[in-house]
Amino acid sequence: MPEGLDFVEVPMSDSIESRLKEDRRFPPSAEFCRHARIQSHAAYTSLHQLSLEDPETFWREHTTDLVFRTPWKKISEWNLPKAKFFVGATLNVSESCLDRHLQTGEATRAAIVWEGEPGDTRTLTYLELHREVVRLTAALADLGVKQGDRVAIYMGMVPETAVAMLACARLGATHSVIFGGFSSDALRERINDCGAKVLLTQDGAWRRGSVVPLKKMADEALAKTPSIEKVLVLRRIGHDRCPVTMKEGRDLWWEDALERKPSDASMKLAKHPEAFDAEHPLFILYTSGSTGKPKGVMHTTAGYLAGVHVSTKYVFDLRAGDVYWCTADVGWVTGHSYLVYGPLSCGATVMLYEGAPNFPDWSRFWQLVEKHGVTILYTAPTAIRAFIRAGDEWPAKHDLSSLRLLGSVGEPINPEAWTWYHRVIGGGRCPIVDTWWQTETGSIMLTTLPGACYSKPGSTGLPFFGVDIAVVKDRGEECKANEGGKLVIRQPWPSMARTLWNDDQRYLDTYWNVIPNVYFTGDGARRDEDGYFWVVGRIDDVLNVAGHRIGTAEIESALVSHPAVAEAAAVGRPDDLKGQALVVFVTLKQGHEAKDLKSKLVEHIDKEIGKFARPDAVRFTDSLPKTRSGKIMRRLLKEIAAGNEAKGDTSTLEDLSVLAKLRTDEE
């Protein structure tokens, strides 16, 4: 069984079903549909059916603009837990993301438009990005990096991070990007697990006006990382604000390494890279495990690239002239798939921002949208709720008319947050594509294609191409419409993770041995009568309170619909009488105080869901414990609610001080 999950059937009560049965539908405008890549629900249905019934034809038709040196002979081979896609093909991912655009007249198109937190800016065209990747590829080759080696990347949100990823892909070295906010302990653990040979880092990074000393933290980790031979250090901050210590024989400045004349062999390899097998490991990305040991999710070359390329093109309806901004950090899978590989393989202009959304104030995102003419914005519900809490006056200061499409990613979005996003940021005109997927899936699994399907606030929509997804009971029997169950994927798909690095058994036990012959996502969900999926959260976030099954997403959506509430998290604590007692943690919007709100919120739950869902405790807090990708860490809140010390892996926690600052009302 997956680690830390207590598996139960998750039928929903009638009250919860009626609460979640969102009747509002938001179709795309006729004008949007006229120009969309997929213009009708019938067209979507036809393509989805083709992708499942004849995947050979579908993937041949939709990957023609990717560069395969050797064509593939067979779409897939599947023998649990081993999967292969595009069997027999060879390719180099960087050619599809860079070289092909130089040959199609797009060399002068902006590839990356970057703004640093202090306001400094850079624009790299596809030609310039290609040149930087070639230079770094040659430098890495001269440092001894070769096909199959692992390279760790511990950097901030600067263009060189994307350059580093693409240079590794060009060489055939498997990269492991480690989020620049991780501690030295977390960095050391990940380097040692993957056995990285080289570390790419920078002196420091800007964060809310302060400097994060990345090289200093890297040095602490490197004291116990025997596999690391060389370290390349990018100057981002400068010696006055961020002095660093360089270890002779190991550490090199990034600029110095690139300015050295490379060997003829390395430059030849960089300019004319090798092609690799379709199943060659492209990257390892670590995600938290409940046991405390992070899981090294391993993605391969052709299947991953095909998945992110096709989904980027159709989910975001990319067109020439778009300025596309995914606000995720490149250290998370969303940054990998929808900031680097997906958009660049499609020839998009990608917006990249170094800083926080609220520095120097809450208008920063909206200032950037106006300044750079952003047309597509892809962000997280956590950020959206934070913007709601800050107030409508911040986006109102800026012209957001360039936006034509909005996206949501990371966790289920509350209907109230969805409608605010649509009304205030999208001006009521922009389609919203909510998306559900995971580090392990590699690319988007559920969404609403913006020119083909209407949206329902709070629903993750319909299956993407090549995705056979269902809601089932414990033994795999498919649930009826609106019946809660486990979200599973019933057949392999190209961008799926192939294994956990050096741990095939954990991969099997976590994903494939729960329900025979299907991939278990770990999430609970339901599918409504229109075929739309509603993800209600992790299975271990479904509570059993006095015989009632209550999904945390339902409780949280009800609380957020109260005008005083900005964010909410619902968890269970052991209770001798009820089995589990319901505890909710609430952050309030500006201008509201906790005094006298406790009883009002309980009454609000009574009205929205029913008295059976009444919380046993309402706790007010200034902030909730979240991962650096914006997900609420309910596992830690469960420990706090039960009066225990928070335990387990906290390496992805954004701010450890939040745990100490949580305050409670007198009960």
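Two strands count as paired if DSSP finds at least two bridges between them. In this predicted model, strand S27, residues 519–527, meets that condition with S28, in the antiparallel sense and over 5 bridges. Within this pair, Arg 527 stands opposite Phe 533 of S28. Both strands belong to an open sheet of 4 strands, ordered S24-S25-S27-S28. The pairing in this sheet is antiparallel. Strand S24 (469–472) and strand S28 (533–538) form the edges. Each has a single partner strand, so one side of each lacks a neighbour in the sheet. Neighbouring strands here are turned against each other by 45 degrees on average, direction ignored.

A further open sheet has 3 strands, in the order S1-S4-S14. The pairing is again antiparallel. Strand S1 (68–70) and strand S14 (276–277) stand at the edges. Because each of them has a single partner strand, one side of each is left without a neighbour in the sheet. S1 pairs with strand S4, residues 90–91, over 2 bridges. One bridge partnership joins Phe 68 to Leu 91 in S4.

Leu 222 belongs to helix H9, which spans residues 214–222. Its relative accessibility is 8%, so Leu 222 counts as buried, the cut-off being under 20%. Neighbours within four places in sequence aside, Leu 222 is in contact with Ile 191, Leu 199, Ile 228, Val 231 and Arg 250. Ile 191 lies 31 residues from Leu 222 along the chain. The C-alpha atoms of these two residues are separated by 8.9 Å.

An unreviewed UniProt entry places the feature "binding site" at Arg 207, Arg 208, Gly 209, Ser 210, Thr 334 and Asn 358. Two of these positions were examined further, Ser 210 and Thr 334. Ser 210 lies in strand S11, residues 210–212. Ser 210 is partly exposed, at a relative accessible area of 43%. Thr 334 sits in helix H13, residues 333–345. Thr 334 is buried, with a relative accessible area of 11%. Residues up to four places away in sequence are not counted among the contacts of Thr 334. On that basis, Thr 334 touches Cys 326, Ala 328, Leu 339, Tyr 378, Val 409 and Trp 437.

Backbone geometry was considered next. Most residues other than glycine have a negative phi, and most peptide bonds are trans. The bond between Phe 359 and Pro 360 is cis, with omega about 5 degrees. Pro 360 lies in the loop between strand S18 (349–353) and helix H14 (364–372).

Asp 317 has a positive phi, near 50 degrees, and is a residue other than glycine. Asp 317 is placed in the loop between helix H12 (302–315) and strand S17 (323–326). With 2% relative accessibility, Asp 317 counts as buried. Asn 502 also has a positive phi, near 60 degrees. Asn 502 lies in the loop between strand S26 (499–500) and helix H18 (504–512). Its relative accessible area is 66%, so Asn 502 is exposed. Thus Asp 317 is buried, whereas Asn 502 is exposed.

Technical notes:
Residues numbered from 1 in each chain as written. Predicted model: local features only at pLDDT ≥ 70, side-chain atom pairs only at ≥ 80, totals over all residues. Heavy atoms only, no water. Axes fitted to C-alpha atoms, helices over the stretch in contact; angles between N-to-C directions. Buried < 20%, exposed > 50% of the residue type's maximum accessible area, 1.4 Å probe, protein only. Contact = heavy atoms within 4.5 Å. UniProt positions renumbered as here; feature names shortened; annotations may be inferred.
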